[in-house]
Amino acid sequence: MIDLKIFEVWFITGSQHLYGEETLKLVAEHSQQIAKGLDADAQTPVRVVYKPVVKSPEEIYATLQEANTTENCIGIITWMHTFSPAKMWIRGLSILQKPMLHLHTQYNRDIPWSSIDMDFMNLNQSAHGDREFGFIVSRMRKNRKVVVGHWQDPEVLGQINAWARAAAGWHDWQGAKFARIGDNMRYVAVTEGDKVEAELKFGYSVNTYGVGDLVKVIDAISDEAVNNLIAEYEATYDMAADLLKGGAKHQSVYDAAKIELGLKQFLEDGGFKGFTDTFEDLHGMIQLPGIAAQRLMAAGYGFAGEGDWKTAALVRAFKVMGSGLKGGNAFMEDYTYHFDPNNELVLGSHMLEIDASLANGKAALEVHPLGIGGKADPARLVFNVAGGAALNASIVDMGNRFRLLINEVEAVEPQNDLPNLPVARVLWKPYPDMKTGCAAWIYAGGAHHTAYSQNLTAEHLQDFADIAGLEFIRIGKDTKLDQLRNELRWNDASYK
Ligand code: MN
């Protein structure tokens with residue numbers, strides 16, 4: 001699991017010298033209590049660190065510059081307990097490179113009716129202090145998340161939590177490396193994209209590696225290491241007798257385990273956070289990585305098939321954002337439909353590589369032929385996926401911008417056995433309904449490949465899109481097709 005507690009968000013309170021020492025002392029005390037409260041809340045995935053109250057352009061600039069250069073600081077939370085004239089913030093905000101959440105809160109929840117006087121009013125004036133701050137951030141066209149409410153309100157804490165997770169996903173992308181082993185699947189459009197622009201916008205790099213480079217690492221894996229991993233497979237998964245040692249298909253399991261160890265070594269040696277491969281370029285490899293990709297994803301690596309680096313990077317970001325939450329995040333593909341008018345469903349799967357972290361119960365390790373690629377029969381894990389709220393997300397390259405598209409769905413448990421389907425599978429109902437959801441997805445140019453999440457919500461992804469400067473399109477319960485088509489048209493105009 002990816003540990004998010006190594007990351008900090010800084011709690012920065014703005015004020016000014018006008019109020020005098022006594023009031024500023026109280027501002028600092030209250031800020032410390034709020035920072036401590038946020039830090040201690042079980043929902044908060046990262047550390048929340050109090051920073052001394054900033055009262056001048058110089059202090060603001062110095063603090064935000066320090067936030068930029070502090071490696072484990074993934075974002076800042078700002079709050080104006082008193083009035084902090086916002087021209088003081090211009091220079092600091094103009095250099096700020098970390099995500100920002102503006103917490104529009106107040107130290108006290110209630111107005112103390114019987115004791116309130118002008119001293120109290122002068123100390124507790126975020127109602128207008130935060131408006132002054134909000135103006136300058138809007139005037140500077142800076143993205144931020146505005147959260148309103150008392151700092152102990154569970155809903156407020158939940159919104160901060162979602163933003164902190166999005167900020168962690170963003171932080172993880174900065175400087176991240178993804179290996180594209182082999183190129184794109186020939187002629188496929190949506191998996192392509194501008195890797196230079198992605199590095200400029202998103203901070204991660206995608207570079208190609210020859211399959212031969214990987215094969216060399218796989219070939220050097222020892223017998224002993226392979227046999228240890230096979231023992232782990234046998235302890236973890238249901239396996240038919242012909243897959244066990246001495247069985248007719250044991251060699252396929254052996255080859256798959258060797259590929260998994262080689263790939264893992266290759267990723268560790270290169271410091272990669274994810275990878276892609278393609279069945280059209282497997283020279284020297286015995287089979288397409290199936291169980292290897294499934295288990296490496298479950299271990300936190302981003303992955304997508306057929307050279308789809310955008311989805312691989314998104315899957316990795318999902319792994320980071322969802323870390324510690326119940327449920328999994330995975331590479332997915334809309335595969336086939338059930339158009340029964342009383343029970344419309346999408347069956348999601350892939351040729352082999354559905355993330356093992358989604359498995360509902362014990363998975364079966366199976367070896368079957370693969371219809372394409374012309375290689376040996378690959379080993380893969382076969383399992384069902386639990387029902388419940390989920391979403392699919394896709395990043396597409398629209399030529400002049402990247403678009404993050406999501407569709408909220410309700411996953412359902414399979415009602416039928418699928419004895420002849422040799423891959424892991426998920427069934428879901430798209431919101432708002434099958435026809436609208438699928439049509440909206442297609443109008444928006446969403447890919448057939450997605451990152452599928454059981455634990456992230458539209459809020460996490462809206463926050464992530466805002467931080468990343470991504471266009472964000474959500475297909476959910478309230479989506480109306482004509483309205484969504486207009487939204488797409490208007491967005492086209494706004495990005496021109
Ligand atoms: Mn595919």
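Here are some exercises with worked solutions on a predicted model.

**Exercise 1: H10 and H11**

Work out how helix H10 and helix H11 are arranged, and which residues bring them into contact.

Step 1. Start with the general idea: a pair of packed helices is described by an angle and a distance, both taken from the axes.

Step 2. Find the helices. H10 covers residues 250-270 and H11 covers residues 291-298. Their axes lie 8 Å apart, and the packing angle is about 45°.

Step 3. Turn the angle into a word. An angle between 35 and 65 degrees is neither roughly parallel nor roughly perpendicular, so H10 and H11 are oblique to each other. The crossing of H10 past H11 is right-handed.

Step 4. Look at who touches whom. From H10 come Ala 256, Ile 259, Glu 260, Leu 263, Lys 264 and Leu 267, and on the H11 side they meet Ile 291, Ala 292, Arg 295 and Leu 296. Sorted by class, the residues of this contact are seven nonpolar and three charged, with no polar ones.

**Exercise 2: H9 and H10**

Decide whether H9 is roughly parallel or roughly perpendicular to H10.

Step 1. Get the numbers first. Helix H9 spans residues 223-236, and H9 and H10 pack at about 110° with 9 Å between their axes.

Step 2. Angles from 65 to 115 degrees count as roughly perpendicular, so that is the word for H9 and H10.

Step 3. Check the contact. Among the H9 residues that take part are Val 226, Leu 229, Ile 230 and Tyr 233, and among their partners in H10 are Val 253, Tyr 254, Ala 257 and Leu 261. The whole contact of H9 with H10 has 10 nonpolar, two polar and three charged residues.

**Exercise 3: H13 and H15**

Now do the job for H13 and H15: at what angle do their axes cross, and which residues meet?

Step 1. H15 is made of residues 481-494, and its axis comes within 10 Å of the H13 axis. The two axes cross at roughly 10°.

Step 2. That is under the 35 degree limit, so H13 is roughly parallel to H15. Their crossing is right-handed.

Step 3. In H13, pick out Thr 436, Ala 439, Ala 440 and Tyr 443; they meet Leu 481, Leu 484, Arg 485 and Leu 488 in H15. That gives six nonpolar residues, one polar and one charged.

**Exercise 4: Empty space**

Find out how much space the largest pocket and the largest cavity hold, and what lines each of them.

Step 1. Rolling a probe the size of a water molecule over the atoms reveals the empty space that is left.

Step 2. Take the pocket. The largest one holds about 330 Å³, and 17 residues line it. Nearest its centre are Lys 98, Pro 99, Asn 143, Asp 466 and Ile 467.

Step 3. Ask which elements build that lining. Helix H6 (154-173) and helix H14 (458-468) each give two or more residues, and H14 gives the most, with four. The lining of the pocket has seven nonpolar, three polar and seven charged residues.

Step 4. Take the cavity. There is one cavity of 30 Å³ or more in the structure, and the largest has a volume of about 40 Å³. Its lining includes Leu 282, Leu 288, Leu 370 and Ile 372. By class, that lining has six nonpolar residues, two polar and one charged.

**Exercise 5: Unusual backbone spots**

Locate a cis peptide bond and a positive phi in the backbone.

Step 1. Recall what to expect: most peptide bonds are trans, and phi is negative in most residues other than glycine.

Step 2. The cis bond joins Tyr 431 and Pro 432, with omega about 0°. Pro 432 sits in the loop between strand E17 (426-430) and helix H13 (434-443).

Step 3. The positive phi belongs to Arg 141, with a value near 55°. Arg 141 lies in the loop between helix H5 (126-139) and strand E5 (145-148).

Note on methods
Residues are numbered from 1 along each chain as its sequence is written. This is a predicted model: local features need pLDDT of at least 70, side-chain atom pairs count only at pLDDT 80 or more; totals for chains, interfaces and linings use all residues. Side-chain values use heavy atoms; hydrogens and water are left out. Axes are lines fitted to C-alpha atoms, for helices over the stretch in contact, and angles run from 0 to 180 degrees between N-to-C directions. Angles under 35 degrees count as roughly parallel, over 145 as roughly antiparallel, 65 to 115 as roughly perpendicular and the rest as oblique. A crossing is left-handed if the near helix is turned anticlockwise from the far one by less than a right angle, and right-handed if clockwise. Contact means heavy atoms within 4.5 Å. Ala, Val, Leu, Ile, Met, Phe, Trp, Tyr, Cys and Pro count as nonpolar, Asp, Glu, Lys and Arg as charged, and the others, Gly among them, as polar. On a 1 Å grid over the protein atoms alone, a cavity is a set of points where a 1.4 Å probe fits but cannot get out, and a pocket is an open set with protein on both sides within 12 Å along at least five of seven lines; lining residues have an atom within 4 Å of a point. Grid points are joined across faces, edges and corners, and a volume is the space filled by probe spheres set on the points.
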